[in-house]
Protein chains: 4
Amino acid sequence: MGLSGQLRVTIWNENVHDQRDETVRRIYPKGMHGAIADGLRRELGGSVSVRFATLEEPEHGLTAEALEETDVLTWWGHAAHDKVADEVVDRVHSRVLNGMGLVVLHSGHYSKIFRRLMGTSCTLRWRSDEGGEREVIWTVNPGHPIAAGVPQPIVIPHQEMYGEFFDIPPPDELVFISSFEGGEVFRSGCCYQRGAGRVVYFSPGDQVFPVYHQPEIQRVIANCVAWCGGAAPANDVPSQRAGNATRNWYLKA
Amino acid sequence: MGLSGQLRVTIWNENVHDQRDETVRRIYPKGMHGAIADGLRRELGGSVSVRFATLEEPEHGLTAEALEETDVLTWWGHAAHDKVADEVVDRVHSRVLNGMGLVVLHSGHYSKIFRRLMGTSCTLRWRSDEGGEREVIWTVNPGHPIAAGVPQPIVIPHQEMYGEFFDIPPPDELVFISSFEGGEVFRSGCCYQRGAGRVVYFSPGDQVFPVYHQPEIQRVIANCVAWCGGAAPANDVPSQRAGNATRNWYLKA
Amino acid sequence: MGLSGQLRVTIWNENVHDQRDETVRRIYPKGMHGAIADGLRRELGGSVSVRFATLEEPEHGLTAEALEETDVLTWWGHAAHDKVADEVVDRVHSRVLNGMGLVVLHSGHYSKIFRRLMGTSCTLRWRSDEGGEREVIWTVNPGHPIAAGVPQPIVIPHQEMYGEFFDIPPPDELVFISSFEGGEVFRSGCCYQRGAGRVVYFSPGDQVFPVYHQPEIQRVIANCVAWCGGAAPANDVPSQRAGNATRNWYLKA
Amino acid sequence: MGLSGQLRVTIWNENVHDQRDETVRRIYPKGMHGAIADGLRRELGGSVSVRFATLEEPEHGLTAEALEETDVLTWWGHAAHDKVADEVVDRVHSRVLNGMGLVVLHSGHYSKIFRRLMGTSCTLRWRSDEGGEREVIWTVNPGHPIAAGVPQPIVIPHQEMYGEFFDIPPPDELVFISSFEGGEVFRSGCCYQRGAGRVVYFSPGDQVFPVYHQPEIQRVIANCVAWCGGAAPANDVPSQRAGNATRNWYLKA
């Protein structure tokens, strides 16, 4: 938390489709990060401060200082996962283990940082027909904070299909499962504890559909940000290999 | 295991619909337990010995001796959950904690024994239109033994809908998720460790549809039986509250 | 939450040892519930309102109204588990599934309500030598809210030994593991989601040792209360079996 | 499985201490891999075929063919984690996701492959006094196959201390917890599902103590190998990102 008590959120967007594709520009004139920020501000108001970071910035806008001042990072990428520098991925990874929250959105499932944190391939089935298809999102953990205040189910009229098998570790907490018109299912809201940090993957959202303008989806993302920001300050340090410093640990005579 | 090395399976069926309803008799002339047994024998052959037990028998066919000689119990009930004697439920419960496997099928979700083991209400959404609807079952844990040898996905043409929220504890291992034509989803294959015993809930199967004749479903049930029977003999005794007998536990000087 | 925004906590104490045993009266002149309340008030201040309930009251102080006005219930029992009326247990159970938090303390592991929620025997090893022995409590999930602000490890100088095998379902979140002088270990801080409610079991604390006066232990209990009170209002109703009301569920054409 | 039905095990040993250090040579004249193999053969007999691979071999003995013919790989490393080629790590990682079992031993917690699979730092506390100290290993999941046939508890007279916080993802199945003389605890037997493969981390074992000669420890390692080899052949392919090939997935009209 910042001195002001605000949750400091950095919305990271690859920001490639948003600039390059006419369709995407029309749906997200302020970029997807703009729509995500609008939702956070509406839902969380003054309890949150938002900044943006994009791929094109130096160090992708994710310098050590920027991360140090970030309580929760949201991640959207798709066309340029490989362009994210390994050094930045290392830094984000380390920061998550030390307590920063991370909310990975949609095609971010295949980002370097998510695959690093999961340790699996993070592959999935997908289908992207023109016009998309209906996604129905069911809460399977109704008291979980990331499901607060949303209808059962949430219906997205037009969305790209993401289907199982989704190669992720079994979620520590599974909150949402989606169905699609083809009969596919997908674990669409997955929570993880990694080191002292919390990670959520939330799949709805796509550059060619106005999903990030949908209030229920904005509400879930706000919930994810709040939940990831609610990890307690760690009472132990996971990021260094504890060595001889503990040799004289007082419990051993 | 019996002396012969066979897995000893008791197929428990309430056996009410099977006798009372003409439709059910036509689909399951040997009762649902007969169809389940056929599948087990085809899939597991001589490695399994099968006996039946039904509600109408004394102690529902689940005497202390019968349970002692059972490695895995399968459970189907629907119309008469309340007729199952609490004493028998206690006995089955205790036997599971001591290592017997339990495979709970379909409407067995609301049986006394499943609710006892889960500790939750085990309620769910359901819809049973005439003719049923398509269920599509997806494996989300592709190396799990209960998913061995089945297609991805399994399709059941006609089935009753079971939907979320299904009030169960988060499964220790979630293997199958189903979708239905209405867009609903359901955690249809759920594994639990309870005491020294293994429990699986597998939802497909209904008295008015020939689901238990479908080879893929028979295969999954056989897989469930084999997996539940694969728990190791416990190296500790959970069923008695250890008391002063451990006062002189040698590790304490 | 109450209208005032306060978390409404009911501290339930069997209150048998506290009145009957001279030793216990000297250590806990206000009863263990008094010491627990002192800790909650110090740690959570005005954000919490506390009331007491004990076995000897009508309906053990846990009427439907009392539970309706309770966000989190803490439970201490030992000598009189069997005296708790089944009807009250049913009521508490149902209220947990509908979202009330429950913090079960020490010998409450063998209470009716905990065993009902867990579905297992909840037995364990124990040893209670005069003078007790050192318990060392390690955090294995350092960002979890119930571990906030406590040292790594917490040391209790004099405590009764509780050891494995503890017959509980695998915790949804395991936060604390304790060791004892005899070399035993125990899963001492276990979190569960059940229905829409959160449940924590925290083992330290005993009637003959001043554990509930120890500030770190009071802090953990306050953390548990705050965490259990942080479940979101459920967006689905688990406590009734959904029936034909869903037949015309709009998602199905 | 090989054609013969044998489980094909590759025991990988860094084999640095074993050759370099006189003490280690005396305790493990055939290398630690030799002692591990002796245990596997005694416990699993003809149902297993064993080969060795070490760091100094070309591609560390882990060529594509070697891995293809391996059902379960065990991993011991300590002094030369950084010398393991990234290309080999990638290959092992991919093979695990496709179904090969992996048993990571002791200081292998800090190997590249384990850290890759876990996605966390995998750091821990440790202390290695001359003569070591007593480790007591408790089973907390008494029906789990990796605990089959071992005493409750297992006692190792002389062992290096490994203590929490151990920065791993919450285990999918936690089977063993250890205590040490200093009062530390450690999650010493941790099971994971990753892709279609099973992974176990088992911490006991050290180059300067004869732990791998201890029959109970050999039994647990044999159990781990058998369990990791028991994953079913995957019914879905996690290692390739499914793309447009699924566009015409038949479930969508």
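This passage walks through the sheet, two of the helices and one chain contact of a predicted model.

A good place to begin is the sheet of chain C. Here 9 strands make up an open sheet with mixed pairing, and their order is S2-S1-S3-S4-S11-S10-S9-S6-S7. Strand S2 (48-54) and strand S7 (154-159) of chain C are the edge strands, each pairing on one side only. From one strand to the next, the twist averages 20°. Within this sheet, strand S10 (residues 185-194) and strand S11 (residues 197-202) of chain C are joined by 6 bridges in the antiparallel sense. In this pair, Cys190(C) has Tyr201(C) of S11(C) opposite it.

Two helices can then be placed against the strands of chain C. Helix H3 (residues 31-44) of chain C packs on the sheet, where it touches strand S1 (7-13), S2 and strand S3 (72-76) of that chain. The direction of H3(C) makes about 160° with that of S1(C). Helix H7 (residues 215-228) of chain C lies across S1, S3, strand S4 (101-105), S7 and S11 of chain C, and runs at about 165° to S11(C).

Chain B shows how helices H3 and H7 of that chain meet. The axes of H3(B) (residues 31-44) and H7(B) (residues 215-228) come within 9 Å and cross at roughly 75°. An angle of 65 to 115 degrees counts as roughly perpendicular, and H3(B) and H7(B) are therefore roughly perpendicular to each other. From H3(B), the residues Ile36(B), Gly39(B), Leu40(B), Arg42(B), Glu43(B) and Leu44(B) meet Gln218(B), Arg219(B), Ile221(B), Ala222(B), Val225(B) and Ala226(B) of H7(B). Sorted by class, this contact of H3(B) with H7(B) has 7 nonpolar, 2 polar and 3 charged residues.

For a look at the helix itself, chain D is helpful. Helix H3 (residues 31-44) of chain D has 14 residues, which at 1.5 Å a residue should span 20 Å, and this agrees with its end C-alpha atoms being 20 Å apart. Buried residues of H3(D) include Gly31(D), Met32(D), His33(D), Ala35(D), Ile36(D), Ala37(D), Gly39(D) and Leu40(D). Among the elements of chain D that cover them are strand S1 (7-13), helix H1 (17-20), strand S2 (48-54), strand S3 (72-76) and helix H7 (215-228). Just after H3(D), Gly45(D) adopts a positive phi of about 55°.

Finally, chains C and A touch each other, with 26 residues from chain C and 26 residues from chain A taking part. On the side of chain C, strand S6 (133-139) and S11 are the elements that give two or more residues. By class, that side has 14 nonpolar, 10 polar and 2 charged residues.

Technical notes. Residues are numbered from 1 along each chain as its sequence is written. Chains are lettered from A and ligands numbered from 1 in the order in which they are written. This is a predicted model: local features need pLDDT of at least 70, side-chain atom pairs count only at pLDDT 80 or more; totals for chains, interfaces and linings use all residues. Helices (H or I, at least four residues) and strands (E, at least two) are DSSP runs, numbered from the N terminus. The expected span of a helix is 1.5 Å times one less than its number of residues. A residue is buried if 20 or more other C-beta atoms lie within 10 Å of its own, exposed if 12 or fewer, and partly exposed in between; C-beta atoms are placed from the backbone. Two residues are in contact if their C-beta atoms, placed from the backbone, lie within 7 Å. Two strands pair if DSSP finds at least two bridges between them. Axes are lines fitted to C-alpha atoms, for helices over the stretch in contact, and angles run from 0 to 180 degrees between N-to-C directions. Angles under 35 degrees count as roughly parallel, over 145 as roughly antiparallel, 65 to 115 as roughly perpendicular and the rest as oblique. Ala, Val, Leu, Ile, Met, Phe, Trp, Tyr, Cys and Pro count as nonpolar, Asp, Glu, Lys and Arg as charged, and the others, Gly among them, as polar.
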